[in-house]
Amino acid sequence: MNLETIKSEIEASVSGCRLEIIPNASPSEQHSLLVDAARAVAVARFLRDAAHLRFDFCSNVTGVDWPSKEISEKIKVKKILDGVEQEVEETRKTQSLGYLEAVYHLYSVEKKHGPFVLRLRTEDRENRAHLPSLTPVWRSAEFQEREIFDLFGIHFDGHPDLRRILMWDEFEDHPMRRDYVEPNDYEYEPTAHDEVLQKAKQHQNGVGC
Amino acid sequence: MATTTYPTAHITPKPSTDGGEDQFLEVSMGPQHPSTHGVFRMNVVLDGERVVKLKPVFGYLHRNHEKIAENESYLGSMPYTDRLDYLCSITNNWAYALAVEKLAGIQVPERAEYLRVITGELTRLQNHACLIGFLMQDMGASGTPLMYAFREREKILDLFESLTGARMMCNYMRFGGCRVDASADWLQQAQKVMEAFPRFLDEYERLLTENEILMARTQGVGVLPRELAVNAGITGPMLRASGINYDIRKVDKYGIYDRFAFKVPLGEHGDVYDRYMIRVLEMRESIRILQQAMREISPGPIQDPKTKIRGFRPKAGEAYGRIESPKGELGFYLISDGSPNPYRYRVRPPSLINLTVLEEMCLGQNVADVVITLGSIDIVLGEVDR
């Protein structure tokens with residue numbers, strides 16, 4: 001079971017599909033395959049149905065949040081200083097675009113192999129956080145994709161029953177995102193800890209924390 | 001004399017009137033109901049006694065375990081994993097330790113592996129015994145089977161208490177080993193408990209296996225077909241009751257499970273009775289594993305000396321580790337960015353995923369069978385809701 005060969009097989013049978021192998025540096029050597037969201041369902045069906053692969057068991061589905069990061073790089077710029085052209089080093093800061101990721105761990109009950117790690121990425125973290133649902137392919141993704149929708153805010157198009165699962169229906173934010181801030185709307189039970197007392201004070205004064 | 005007015009209370013739910021001739025009744029079963037094994041609710045639509053629709057609702061125990069673990073050191077989450085499936089804290093520890101060991105490439109000394117197998121299989125024994133007790137309780141066999149199971153469980157919990165200091169929240173495993181070594185006395189005591197267990201099983205089986213009421217209530221109830229079981233990611237005794245030979249102890253051979261001779265019991269019909277029977281047979285196989293492990297265990301170190309447990313910082317990367325917990329496949333998915341706490345920490349809870357097919361198993365059944373079908377899945381809400 002070589003990831004490279006599976007990649008070329010998918011390319012051969014699913015037309016117009018962009019794939020990328022994401023290496024994993026840890027000793028577990030569970031490398032993953034990043035699949036272009038537009039063709040994800042076709043790729044999933046191929047992985048499930050191909051006679052020698054038969055990944056019929058989708059074990060684990062989860063989300064990962066990768067917020068936008070500030071990348072600073074040093075570049076050399078030519079500038080005119082005191083009438084003389086000089087080469088000056090400057091740091092340029094760029095924002096990398098953040099995205100959300102859904103990770104699927106696939107096994108084969110029939111062939112007893114695995115795991116095969118499949119990754120899908122959204123375009124951004126706000127308005128275009130959509131991915132195709134793989135629940136029609138593997139039923140086991142039903143609750144887990146609902147959980148990702150609930151906690152990370154990825155919308156799975158084609159999911160039969162996309163509702164919140166762990167948080168209550170009226171809840172608005174997505175608590176597993178890295179930039180999630182706890183709302184200042186619960187009752188504090190002040191204890192002897194300074195941090196809690198300070199928070200309670202802010203809450204009583206109506207200052208957001 | 002002043003008249004007291006009482007507010008009108010609707011004790012019986014009203015039938016919905018928009019169904020024309022077919023009047024359906026919507027019932028909310030739970031969340032505070034003894035048969036739901038915790039705080040769990042099912043929105044059931046009934047046509048007379050027959051279930052037409054069923055939607056499980058959970059999240060009442062949600063505390064965002066994953067988020068807490070992401071703000072905690074790797075070791076700091078270890079005691080918290082005890083609280084997932086609070087009946088089987090040792091197997092939870094094992095799954096987490098296994099995932100971290102995969103992430104950082106840690107080797108576990110042989111004695112520690114044996115201790116893991118011994119404590120893990122003892123956990124399986126007490127979980128399955130209690131589950132059967134709970135299932136009988138759901139069926140109306142008040143008291144006796146459950147109390148018999150609890151009596152046996154208490155003996156195993158006493159062993160855990162003397163080994164780890166806690167009956168249920170054991171916090172026993174460490175990355176690359178176990179926290180404390182078992183003394184010769186402890187092993188002797190464990191041997192006694194193990195040798196007495198088959199007698200309890202025989203007694204239990206005499207009481208239950210060929211019991212007419214049990215057979216009438218469970219055979220052909222809550223049937224789960226093979227194809228659906230695999231596609232819906234069902235694992236553990238439930239999957240094997242549907243006749244699929246998939247035991248992670250055999251497939252992955254994690255730890256030292258390749259050294260033991262044991263069988264994987266399989267069901268034929270995938271009904272509640274098969275799920276009961278699979279658990280009885282698995283307990284007998286667990287005893288076989290325990291006998292071999294107790295015989296083969298030899299003195300040695302219990303902790304990998306190269307692993308720094310405090311201030312543990314694995315290199316950037318990711319790993320998914322899974323074990324066959326008593327409830328099914330318990331997995332941990334970790335992403336490290338090289339810092340002292342995990343970037344992403346995910347628990348794959350078998351209880352939650354085994355609930356996916358609850359509606360399919362209950363459709364067309366009587367409402368009383370919903371209770372035993374749910375009981376036969378073996379859920380613990382601490383793990384479902386996390």
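The crossing of α6(B) and α11(B) is left-handed. This is a predicted model. Chains A and B form an interface, with 44 residues of chain B in contact with 46 residues of chain A. In chain A, helix α3 is largely enclosed by the rest of the structure, because 11 of its 11 residues are buried.

**Helix pair α6 and α11 of chain B**

- Helix α6(B) spans residues 184-208, and helix α11(B) spans residues 272-296.
- Their axes come within 11 Å and cross at roughly 160 degrees.
- That angle is over 145 degrees, so α6(B) and α11(B) are roughly antiparallel to each other.
- The α6(B) side of the contact includes B:Leu187, B:Met194, B:Phe197, B:Leu201 and B:Leu208.
- Residues on the α11(B) side include B:Tyr276, B:Val280, B:Ile287, B:Leu290 and B:Met294.
- Charged residues also take part, among them B:Asp202 and B:Glu205 from α6(B) and B:Arg284 from α11(B).
- The contact residues divide into 14 nonpolar, 2 polar and 3 charged.

**Loop before α11 of chain B**

- B:His269 lies in the loop between α10 (248-251) and α11 of chain B.
- Leaving aside residues up to four places away in sequence, B:His269 touches B:Val223, B:Ala241 and B:Asp274.
- The C-alpha atoms of B:His269 and B:Gly222 are 10.0 Å apart, with their places 47 residues apart along the chain.

**Buried helices of chain A**

- Helix α3(A) runs over residues 141-151.
- Its buried residues include the charged A:Glu142, A:Glu145, A:Arg146, A:Glu147 and A:Asp150.
- A:Phe143, A:Ile148, A:Phe149 and A:Leu151 are among the buried nonpolar residues of α3(A).
- Just after α3(A), A:Gly153 takes a positive phi of about 85 degrees.
- In helix α2(A), residues 40-49, the buried residues are A:Ala40, A:Val43, A:Ala44, A:Phe46, A:Leu47 and A:Arg48.
- Cover for these α2(A) residues includes α1 (3-13), β2 (32-35), β6 (99-107), β7 (116-121) and β8 (130-132) of chain A.
- Chain B adds to that cover through α8 (226-231).

**Interface between chains A and B**

- The two chains bury about 3,700 Å² between them.
- Carbon and sulfur atoms account for 53% of that area.
- B:Asn231, B:Glu318 and B:Tyr343 supply 18% of the area that chain B buries against chain A.
- No other three residues supply more.

Key
Residues are numbered from 1 along each chain as its sequence is written. Chains are lettered from A and ligands numbered from 1 in the order in which they are written. This is a predicted model: local features need pLDDT of at least 70, side-chain atom pairs count only at pLDDT 80 or more; totals for chains, interfaces and linings use all residues. Side-chain values use heavy atoms; hydrogens and water are left out. Axes are lines fitted to C-alpha atoms, for helices over the stretch in contact, and angles run from 0 to 180 degrees between N-to-C directions. Helices (H or I, at least four residues) and strands (E, at least two) are DSSP runs, numbered from the N terminus. Angles under 35 degrees count as roughly parallel, over 145 as roughly antiparallel, 65 to 115 as roughly perpendicular and the rest as oblique. A crossing is left-handed if the near helix is turned anticlockwise from the far one by less than a right angle, and right-handed if clockwise. Contact means heavy atoms within 4.5 Å. Buried means under 20% relative accessible area, exposed over 50%, partly exposed in between (1.4 Å probe, protein chains only). Buried area is the accessible area (1.4 Å probe) that two parts lose on being put together, summed over both.
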